[in-house]
Amino acid sequence: MKLRNILFGALMTFIAAPALAQNNDSDQLMKQVSELIKKGTEEAQDQIKDIAKENKKDVNGLVSIGRAYLSVKDYANAKLYAQKAIDLLKGKPGNATPYLLMGNIAVGEDNGGEAAMNFQQAMYADPKNPDGYRRYAQIMSKTAPQDAVGALETLKRECPGYPVDLIAAEIYSSAGNMKKAIEYYNKVSLNDMKDYQISDYATNVFLSQDYQKSLSLAQQGHAKFPRNASFNRLILFNNTELKNYEAALNGANDLFNNSDSLKASSFDYGYYARALKGADKYAEAIEQYKKLQTLDNVDAPTKAQANKDISDCYKKLSDYAKAGEYLDKYVKAQSQQSFSLQEAVASLYADQLADEKTSPEDKKIAYEKADKIYAELAEKYPTNAAYVANKRATLPFSLPIDQKEQVKLAGPHYATFTDILGAKADRSTGENKMLAAAYATLLYYYVNCIDNMEMGKEVAAKLLELDPENEGAKAVMGMK
């Protein structure tokens, strides 16, 4: 399920409210006929016929009977009475209700074109009745949102007090035009919005990545409707994106424990896990990532990504066996074994090597595994040779051996790294600093580890080009 749909939750939009504006007598008549239709007896049918005879010259009465049939999806009879009401209107403009009924019947029959035509007729029949404009706009909201809003702009001129901007915002939101939806929502006071409209507004702002504003809207909505799952969800999501992790966890508590009618989604558990991870609560984050994977309708890529996140959490807990287990699941789930994917495995061993909690024996094993993978990557991806050589050069400095032995292992890789980067013509300032640091270590390697003064002088000369005041390089150049 898409994130947008999850954020809306059980949102009932304006499109789900097609009821016609009626007076109390018409509503009562509709209710009376509806009850007779449900009875289904011959006597009830006769009573309906009598009611129809009594109202045969009453437009609103015929519409009420039609509405009763529409309510039970008897489109044929609903259409019959709608047409009778329309026939009575000939030469008598000013009543939009028969066309509104006919339009709603077409909606029920999934005939958008017929519905739009009848709602247009309703607009012409009674320009002061907002329902024709509103229903036409609803029908056109997906296929032609500009036409829909154009109709509403006409409504604004005919009925200046009608909440046109709010409906326009909903139309653009329904059409997926976040920018225009936000533009129209910005024109309306939150005090004039219902809970689902504030939620829709905050959701569009969230999806446009203005997390601070979306959070503010969600908080205002939460203050009015504290048990509304949509607002609690948005408070969790926005605070997580803003890295306000403790506030996000408060939002998660409200979402899972203090929300009405919550249907938790993979996004809910995913954001909750992210917030826990950000708050350094790794064991609890793992719990939520695993819970996410058990949900129905969670796709394979989402489950695979959860394995990567679980691996990261275990790594933070220095549990490298578990981290490796879940990383392996993630890697195997990928269709292509890219450089970055394979490097992630090497990086895990490098992290284990650098971790102070790792035993000397395990450090040695981690070093050998990381170095082996990087060596394979250098062969498979020659364009990344410099990056790989630099990575291999840094690994030995986490081994529990003396500095000379560390440099002895690192030296050959620094030689490869400096050869490649040194040949690059358009190096950046940062690259020159990296190159100088590598030359300094390489200088120590040649002079102190393998006693190769000739190569030492060659490296010293290159180092002085980058760092003319380097004392080590000057000293080596002065040696005989």
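**Entry 1: helix H13**

I began by asking which helices are included in what covers the buried residues of H13. I worked from a predicted model throughout. The cover includes helix H12 (195-207), helix H14 (229-241) and helix H15 (245-257).

I then looked at H13 itself. Helix H13 spans residues 211-224, which makes 14 residues. From its first C-alpha to its last it reaches 20 Å, close to the 20 Å expected at 1.5 Å a residue. I listed its buried residues as Tyr211, Ser214, Leu215, Leu217, Ala218, Gly221 and His222. Viewed down the axis of H13, these buried residues fall within an arc of 165°, so they line one face of the helix.

**Entry 2: the nonpolar cores**

I next looked up the nonpolar cores. The largest of them has 103 residues. Within this core, the residues with the most contacts are Val33, Leu152, Met193, Tyr201 and Leu236. Helix H10 (residues 164-174) gives the most to the core, namely seven residues. I also noted a second, separate core of 23 residues, which includes Ala393, Ala438, Leu443 and Ala460.

I followed methionine 193 further. Leaving aside residues up to four places away in sequence, methionine 193 touches Leu166, Tyr185, Val188, Ile198 and Tyr201. As a general remark, nonpolar side chains tend to be buried together in soluble globular proteins.

**Entry 3: aromatic rings**

I searched the whole structure for aromatic pairs and recorded 14. For tyrosine 185 and tyrosine 201, the ring centres are 5.0 Å apart and the planes stand at 20°, so the pair is stacked. Tyrosine 185 lies in helix H11 (residues 178-185) and tyrosine 201 in helix H12, so this pair ties together parts that are 16 residues apart in sequence. I checked the accessibility of each partner. Tyrosine 185 is buried, with a relative accessible area of 0%, and tyrosine 201 counts as buried at 5% relative accessibility.

I took phenylalanine 256 and tyrosine 272 as another pair. Their ring centres lie 5.4 Å apart with the planes at 35°, so the pair is tilted. Phenylalanine 256 belongs to helix H15 and tyrosine 272 to helix H16 (residues 266-278), so here too the pair ties together parts that are 16 residues apart in sequence. Phenylalanine 256 is partly exposed, with a relative accessible area of 23%.

I noted one aromatic cluster formed by Phe206, Tyr211, Phe237 and Tyr271. Tyr211 is also among the buried residues of H13. I recorded a charge over a ring as well: the charged end of lysine 187 sits over the ring of tyrosine 184, 4.3 Å from its centre.

**Entry 4: helix H8**

How many of the eleven residues of helix H8 are buried? I found ten, and helix H8 (residues 130-140) is thus mostly covered. The buried residues are Pro130, Asp131, Gly132, Tyr133, Arg134, Arg135, Tyr136, Ala137, Gln138 and Met140. What covers them includes helix H6 (97-108), helix H7 (112-125), helix H9 (145-158) and H10.

**Entry 5: valine 59**

I turned to valine 59, which lies in helix H4. Valine 59 is buried, with a relative accessible area of 13%. Its C-alpha is 7.5 Å from that of leucine 89, although the two are 30 residues apart in sequence. Not counting residues up to four places away in sequence, valine 59 touches Ala85, Leu88, Leu89, Asn95, Thr97 and Pro98.

**Entry 6: residues in loops**

I looked up lysine 73, in the loop between helix H4 (59-71) and helix H5 (75-88). Its phi is near 65°, a positive value in a residue other than glycine. Lysine 73 counts as exposed at 62% relative accessibility.

Lysine 243 is placed in the loop between H14 and H15. Its phi is positive, about 65°, although lysine 243 is not a glycine. Lysine 243 is exposed, with a relative accessible area of 60%.

I closed with glutamate 356, in the loop between helix H20 (339-354) and helix H21 (360-380). Glutamate 356 is exposed, at a relative accessible area of 78%. Glutamate 356 and serine 318 are 38 residues apart in sequence, and their C-alpha atoms are 9.4 Å apart in space.

Technical notes
Residues are numbered from 1 along each chain as its sequence is written. This is a predicted model: local features need pLDDT of at least 70, side-chain atom pairs count only at pLDDT 80 or more; totals for chains, interfaces and linings use all residues. Side-chain values use heavy atoms; hydrogens and water are left out. A nonpolar core is a set of buried Ala, Val, Leu, Ile, Met, Phe, Trp, Tyr and Cys residues joined through side-chain atoms within 4.5 Å. Buried means under 20% relative accessible area, exposed over 50%, partly exposed in between (1.4 Å probe, protein chains only). Helices (H or I, at least four residues) and strands (E, at least two) are DSSP runs, numbered from the N terminus. Contact means heavy atoms within 4.5 Å. The expected span of a helix is 1.5 Å times one less than its number of residues. The arc is that of the directions from the helix axis to the C-beta atoms. Rings of Phe, Tyr and Trp (its six-membered ring) pair if their centres lie within 6.5 Å; planes under 30 degrees apart count as stacked, over 60 as edge-to-face and the rest as tilted. A charge sits over a ring if NZ of Lys or CZ of Arg is within 6 Å of the ring centre and within 35 degrees of the ring normal.
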